[in-house]
Amino acid sequence: MDEISTGLDSSTTYQIVNSLRQNIHIFKGTALISLLQPAPETYNLFDDIILLSDSQIVYQGPREDVLDFFESMGFRCPERKGVADFLQEVTSRKDQEQYWICKDEPYSFVTVKEFAEAFQSFHIGRKLGDELATPFDKTKSHPAAMKTEKYGVRKKELLDACIAREYLLMKRNSFVYIFKLTQLTIMAVIGMTIFLRTEMHKNTTEDGNIYTGALFFIVITVMFNGMSELAMTIVKLPVFYKQRGLLFYPAWAYALPSWFLKIPITFVEVGVWVFITYYVIGFDPNVGRLFRQYLLLLLLNQVASSLFRFIAAASRNMIIANTFGTFALLLLFALGGFVLSRENIKKWWIWVYWSSPLMYAQNAIVVNEFLGKSWSKALVEIPCVFSQAVVYGAIVYAMIGFEWTAAKFFWYLFFTFFSQLYFTFFGMMAVAATTNQHIAAIIAVAFYALWNLFSGEMLVGPSKALFMDEISTGLDSSTTYQIVNSLRQTVHILNGTALISLLQPAPETYDLFDDIILLSDSRIIYQGPREDVLNFFESMGFRCPERKGVADFLQEVTSRKDQEQYWAHKDEPYSFVTAKEFAEAFQSFHFGRKLGDELATPFDKTKSHPAALKTEKYGVRKKELLDACISREYLLMKRNSFVYIFKLTQLTIVAMIAMTIFLRTEMHKNTTEDGNIYTGALFFTVMMVMFNGMSELAMTILKLPVFYKQRGLLFYPAWAYALPSWFLKIPITFVEVGVWVFITYYVIGFDPNVGRLFRQYLLLLLLNQTASSLFRFIAAACRSMIVANTFGSFALVLPFALGGIVLSRENVKKWWIWGYWSSPMMYAQNAILVNEFLGKSWSKNASTNSTESLGVAVLKARGFFTEAHWYWIGAGALLGFIFVFNFCYTVALTYLNPFEKPQAVITVESDNAKTEGKIELSSHRKGSIDQTASTESGEEIGRSISSVSSSVRAEAIAEARRNNKKGMVLPFQPLSITFDDIRYSVDMPEEMKSQGVPEDRLELLKGVSGAFRPGVLTALMGVSGAGKTTLMDVLAGRKTGGYIEGSISISGYPKKQETFARISGYCEQNDIHSPHVTVHESLLYSAWLRLPPNVDAETRKVRVFCVVSTFF
């Protein structure tokens, strides 16, 4: 258990460790607990101590002998000094000398290495060495001590547990499904009005093309409706990885419920779409075709959900999925049968066509519609028409056949991999974060240092009033002392004001403060000089013991469970004094009266300078604000250079692929059909360049928390933050668009005029900037990955449908024409087509009977504008969109706040305080150990545990009996753990190599050895950065990177990580739990999967109740 006391007061930590101690002693368990600086009463609960410093073990053995070892080295713990504090400081260069007792001998610093070597010759060290050198007698260990089954229950139980948990999460996330259904209903109504039955005829192939566009819009909408699975899957991945590592369940037991439990929702969602739109749009009235469309969209929605779940599981990180997904999915989209027909796809890319889910869906839904009776009077040219039996068979083959044979399953994954445009199309890369595992590991190491970064941010400014919350979290007492001492000097010298919140500071840190505010049950108990706080409580009848830290006393004297021990009037009966009574008594205390008088006296403003309060909102001029934000944004861009390099590489690869798809030698300029192929190439170019800016969505959302914090502290206004994130990206846009245009333009075979080349370059430059601005605005407006994902499909599919490709201008309904004119894609598409088709290479006559040029004929055939000035209209419109989107981005940053809001916490004790008389102590007194079981376990302990004295065992059993604990005892096999010469190293960071460090590896554990025995509670201690968490991670098998050397044995058997998780538990310093599941539900789920299969449901509930009662 790693740093279990973080954020807890000493009383709560004591109760937890005491409960663990009883369990360990009675059940002969093995426990290693890492603590930074436990309070004296908590320290005295441990049997053994491991002191780690500078990645080496300085001492390992009984707690009673640790001071003898250091005295043999010439260092003694002062009488009033806590032993834990002494052990923390005696190996520190800055604190060691004060403990030197050999005053007749000169002092010299004793290094950690010298302590470690001296311990080998100390009698405890020699005994430990002899134990490690002696082979373990495996006859003393039951062969079943190491689990042979990988999972705790049968496959059916595994699946049942995962189904129950997934169903619970779906209920807790019901808002997402309701929101999706509402959004789909709105989109269905919009689809009805765009493709309205009264405006759509069935007389010509042109009418058929409009219906084809309507069906394509339906396919895209239904497919992207499954995109919310991406966000929800990535959000749940950290919990899955943790539970998979603990062998809760195999991956298939987790994956199956997340698939088939969503099927009923799919029935409802697709039903809403089909039964709203089918007859209103005017599809074939045959009811059989209605239900066949329903079935097809049902399968498509399931394909989409499965696809997005796969993308989430494969990517694991939002930015990676977004950046790489653009490449994979745009290619699939281009070759799905809509941009290019099957006949026009090059033979070396035909395999992508056959592997595109869009192709199968589009062909099937088009065949279902156009082979109906309402189309029997007209011959509609539909590319790639297959019989229905062949199409449905191919879909079933792709969905089921690929999954059950090795070769087909491989191709299924390959095809799905190339289907990620559905994800990046709406910027849903922004859901990730899950986090990159390597970056997460670095952040985990430096986590607590971030708490103190805020202090530095505040101190470098001109702040005269400092408010600092829990700055000591994760720091040892020596470091905390130095920080508070520096702040004290700053406040005294500069005459500042500081309010610092600390949980339980060490005595020397407590003595640095001038005033004390004691808060309990939302009331101020005391506020005044530190020297008088004990006098106040003595006036109330409570006295701090001589060897008790004042901070610990103040923490416990207001607590119902700890207050009685400090009652000083033994000749008077004790009754609990509530926080309310303390607060009322303080009003009559002399410092309370003085404070009241000060507050009642109006402040004399003549004693304060008028400039004491700032009149300017920000600290520097506007130019300085902008310069600072530019410098910071430039630094962030350099630190994220990998993203921009990756994007440029991706763009280069896609440009080369586009060259081979639309190859000049295969593309002619003789007919309007040839022009349609060039139109598809230009549409693909517009799509590619536009969605290349999607990475801005992820990077913007990830930076928003820091922005909101600094905006609230008035570091800068929103415009000073927004402008650099816009114009510093312009040079990158020049490079990216240049790579695309200068690679593809002449190879594809666009008009060879160099002027038109540079005009296409300028247009795509503006389009890329428009896209980046749009995605930044969406990120700032949505502020959350899941919200951006769910709402993004509604926001982006509509402009896509009204951009001029799915529906030409003439076919857009008059009540939706505003959507056409407000679509950036429309202006980009018209401008780039005008630039191409009005060139000389398209100037030949369209036919012998027409004087119209071929280029103009192509433009008219697709409903685009034919005037040359439309290039400049399009370019100007895109420039306008850039300013509009950046303005909206700035407005969103200025006025919108993060979704998270602080919630009030109501303490339970405040309710209990209202009752009279003595009340039963909190639930930790309600136990989990049966008296009979305690007796049996006590006898067993007496027979087998040699490392714990009989008095300690008897004390533990007696304490359990005194508490009258009730509950159950499960079968438990005691184990011992030994580790010998463990070394852990990582590759030397490049920064350290650049500073002249010659080694190739950085060693984090330096040959540590030790043993943990059954029935022994061991404390792992050391200063911050000593290597406590690293050692715990190595022993628990959590280190997946780096180099591990040495041996770890479990009761004499070599440790096997695959089954070690079944017999061990690891409480991490920063653990991961689902935010949608309560603590009780998490324990029930864990018990279901971790307890033996012969334990029934009722017994599991009793066990969970016992655990909850013990620790909560």
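## The β6–β7 hairpin

In this predicted model, strands β6 (residues 515–520) and β7 (residues 523–529) pair in the antiparallel sense over six bridges. Together β6 and β7 form a hairpin, with two residues between the strands. One residue to look at in the turn is Asp 521, whose phi is positive at about 55°. Ser 520 of β6 stands opposite Arg 523 in β7.

Which side chains of β6 are buried? Those of Ile 516, Leu 518 and Ser 520, which point to one face of the strand, are. The side chains alternate along β6, and Asp 515, Ile 517 and Leu 519 point to the other face and are not buried.

## A four-stranded open sheet

Farther along the chain, let's turn to an open sheet of four strands, ordered β9-β8-β11-β12 and with antiparallel pairing. Why is one side of β9 (1001–1012) and of β12 (1053–1054) left without a neighbour in the sheet? Both strands stand at the edges and each has a single partner strand, so one side of each has no neighbour there.

Strand β8 (residues 977–987) pairs with β9 in the antiparallel sense, over nine bridges. Within this pair, Arg 983 stands opposite Lys 1006 in β9. Helix α6 (residues 123–133) packs on the sheet and touches β8 and β9, its direction making about 90° with that of β9. Another helix, α44 (residues 1028–1036), lies across β8, β9 and β11 (1043–1050) and runs at about 70° to β9.

## Gln 96 in its loop

Gln 96 sits in the loop between α4 (83–89) and α5 (112–121). Is Gln 96 buried or exposed? Its relative accessibility is 0%, so Gln 96 counts as buried.

Leaving aside residues up to four places away in sequence, Gln 96 touches Phe 75, Glu 89, Val 90, Thr 91, Tyr 107, Ser 108, Phe 109, Val 110 and Phe 115.

## The α33–α34 helix pair

Two packed helices are described by the angle between their axes and the distance between the axes. For α33 (residues 730–748) and α34 (residues 754–782), the angle is about 140° and the axes are 9 Å apart. Angles over 145 degrees would count as roughly antiparallel, so α33 and α34 are oblique to each other. The crossing of α33 past α34 is right-handed.

On the α33 side, the residues that meet α34 include Ile 730, Phe 734, Trp 740, Val 741 and Tyr 745. Their counterparts in α34 include Val 754, Leu 757, Phe 758, Tyr 761 and Leu 764. The residues of this contact divide into 14 nonpolar, five polar and two charged.

Technical notes: Residues are numbered from 1 along each chain as its sequence is written. This is a predicted model: local features need pLDDT of at least 70, side-chain atom pairs count only at pLDDT 80 or more; totals for chains, interfaces and linings use all residues. Side-chain values use heavy atoms; hydrogens and water are left out. Buried means under 20% relative accessible area, exposed over 50%, partly exposed in between (1.4 Å probe, protein chains only). Two strands pair if DSSP finds at least two bridges between them. Contact means heavy atoms within 4.5 Å. Axes are lines fitted to C-alpha atoms, for helices over the stretch in contact, and angles run from 0 to 180 degrees between N-to-C directions. Angles under 35 degrees count as roughly parallel, over 145 as roughly antiparallel, 65 to 115 as roughly perpendicular and the rest as oblique. A crossing is left-handed if the near helix is turned anticlockwise from the far one by less than a right angle, and right-handed if clockwise. Ala, Val, Leu, Ile, Met, Phe, Trp, Tyr, Cys and Pro count as nonpolar, Asp, Glu, Lys and Arg as charged, and the others, Gly among them, as polar.
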